[in-house]
Amino acid sequence: MKSYEIAVIPGDGVGIEVCGEAIKILRAAAEKHGFSVKTTDFDWNCDYYLKHGKMMPDDCLDILKDFDSIFLGCIGDSNKVPDHVSLTLLLKLRKGFDQYVNLRPIRLYPGIETPIKTASPQTVDFIVVRENTEGEYAGIGGLFKTGSPDAFALQTAVFTRKGCERVIRYAFNLARRRKKLGNQSPVGMVTNCSKSNALNYSMVFWDSVYYDVAKHYPDIKTDFAMVDAMTMWFVKNPDYFDVVVASNLFGDIITDLGSMLQGGMGFAAGGNINPEKIYPSMFEPIHGSAPKYAGKDIVNPIAAIESIAMMLDHLEEPSAAKDIREAISKVLLEGSIRTRDMGGQDGTSKMGDAIKNALLNS
Ligand code: IPM
Ligand code: MN
C-alpha cells in the first residue's frame, strides 16, 4: 500500500478548524482509494512565537524536508505578532523548499453565487501561475535615517533569468496539459501579466524571458496584459483566460480578485509547488487566518479541502483528487449545507462532514 507522510501546520486563527476538515477529507480519500496517510502536526504559529521568540525552530527546513507534502492552515494574528514577522514562516518555507510555482486555480463551482455578474461556472475556469521565490518578495532593502525627516525605505525586487524562465516554462507546460484535456476555452494560451510600461528594468526583463520561452511552444498562444488592465479583464471577460503567469506580487494581488470570481476567499485554494519534487510542496487555502472568526465553527473549509485535492494531484493520486472535487460539487449543487459566506448558517465541520459523506458514498 502506498503511504504518504504529511506535515501539518494548522497555524493561527481559523487555520486550525479548516485544517481539521481538510485532513478529515484526506483520510477519507485515502481510505477510499487504498493508500495510507501519516500526519505529523507542528504547532508553529503566533503562540509559538510568544513562547520562543520565533515562529518556528531554526532547523524547520531540516525537520520538514523528508515529508511527502506539507499542509498549512493559515498563519498570522496581528494581535499577537506583527504580520511581517509571523509571515516569515510562510515565506521561509516557500523559498527554502524552492517552491517556485504558486499555483492558484480560479474556478467557480456550480451553485455558488459571486458578486461578479460575468462569473458563471462556464466563464470562470483558468489558473494563475504565480512566481513564488523572488521578484518583489526578495526581502532585500532597508530602512534608513529612521526617525529623521529624511527617512526612507528601499525595497528591491529581484528578477533572475533562472527564476523567471522556470516559472514561465511551467506555465507553458501547464497550458499544454490543459490543451490536451481540451475542456476549457480558450485552450492553449499563456497570458503574461506584466507592467513593463512603468517597471522599466524588472518587467522589461520579465517580458523578454517570457518571449524567449514562448518560442519553444509554438502550439501555445502568447498573450499580454498589464497587471492593472488585467484586473479589469478578469471582471469583464473572465472566460478569456486560460493560464496567467505573473510575478510574485502581481500574482498575489490578482488572485484575491480571482477569489471573488470563485465566490469568495472560502473557495480559493493554492499550492506552493517544487515541480522537480526535490523538496516537499506545500498546500494551503489562500485566505488569511481571520482571528475574529476563530474557534466559532463558522468559516468555509472548502478552500482548504480543495487544497488537499491539489496535494493529491501533486502526489499522483489524480482519481482521489477528482473524487474530492466531485464530492465538493455534489454538496454545493445539492445546496442544503451552506456556510455563512454562502448565506447559510451551517458550520465548518458540518460542511466538512457533508463532503466526506459525499466522497465515501460516491
Ligand atoms: C498569500 C498571502 C501571503 C502572500 C502573505 C500572507 C505574505 O497574501 O499567500 O497570498 O502575500 O504571499
Ligand atoms: Mn495574498
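How much space lies in the second largest pocket? About 500 Å³, and that pocket is a good place to begin. Keep in mind as you look around that this is a predicted model.

**Stop 1: the second largest pocket**

Select Leu87, Leu90, Arg94, Asp252 and Ile286; of the 24 residues that line the second largest pocket, these lie nearest its centre. Next, colour the elements around them. At least two lining residues come from each of β3 (69-74), α4 (83-86), α5 (88-96), α9 (248-261) and β12 (281-285). Linger on α5, as this helix gives the largest share of the lining, six residues.

Now try colouring by residue class: you will find 10 nonpolar, five polar and nine charged residues in this lining. If you colour by domain instead, you can see that domain 1 (1-100 + 271-362) and domain 2 (115-261) each contribute at least three residues to the second largest pocket.

**Stop 2: ligand 1**

Show ligand 1 next, and display the residues around it: Leu87, Arg94, Arg104, Arg130, Tyr137 and Asp252. Leu87, Arg94 and Asp252 may look familiar, for they are also among the residues nearest the centre of the second largest pocket.

Which side chains should you check for polar atoms by an oxygen atom of ligand 1? Start with Arg94, where a polar side-chain atom lies 2.7 Å from a ligand oxygen. Move on to Arg130, whose side chain has an N or O atom 2.8 Å from an oxygen atom of ligand 1. Then pick Tyr137; here the distance between a side-chain N or O atom and a ligand oxygen is 2.5 Å. With a surface switched on, consider how covered the ligand is: on its own ligand 1 exposes 310 Å², and the protein buries 77% of that.

**Stop 3: the largest pocket**

Zoom out and find the largest pocket, which holds about 1200 Å³ of space. Its lining has 31 residues, and the closest to the centre are Arg107, Arg178, Leu181, Asp313 and Arg325. To see the elements around the pocket, highlight β4 (101-107), β5 (125-131), α6 (161-181), α10 (302-314) and α11 (318-334), each of which supplies at least two lining residues. By class, this lining splits into 17 nonpolar, four polar and 10 charged residues.

Why does the largest pocket lie between domain 1 (1-100 + 271-362) and domain 2 (115-261)? Because both domains give residues to its lining.

**Stop 4: the cavity**

Finish inside the protein. The structure has one cavity of 30 Å³ or more, and the volume of the largest cavity is about 40 Å³. Select Pro105, Arg107, Tyr109, Gln262, Phe267, Ala269 and Glu306 to outline this cavity. Four of the lining residues are nonpolar, one is polar and two are charged. Arg107 links your last two stops: this residue lines the largest cavity and is one of those closest to the centre of the largest pocket.

Key:
Residues numbered from 1 in each chain as written. Chains lettered and ligands numbered in written order. Predicted model: local features only at pLDDT ≥ 70, side-chain atom pairs only at ≥ 80, totals over all residues. Heavy atoms only, no water. 1 Å grid on protein atoms, 1.4 Å probe; cavity = no way out; pocket = protein on both sides within 12 Å on 5 of 7 lines; lining within 4 Å. Points joined across faces, edges and corners; volume = space filled by probe spheres on them. Helix = DSSP H or I, 4+ residues; strand = E, 2+ residues; numbered from the N terminus. Nonpolar A, V, L, I, M, F, W, Y, C, P; charged D, E, K, R; others polar. Domains from an automatic or database assignment. Near = heavy atom within 4 Å. Polar contact = N/O pair within 3.5 Å; in protein donor to acceptor, adjacent residues only side chain to side chain. Areas by Shrake-Rupley, 256 points an atom, 1.4 Å probe, with all protein chains shown as cover.
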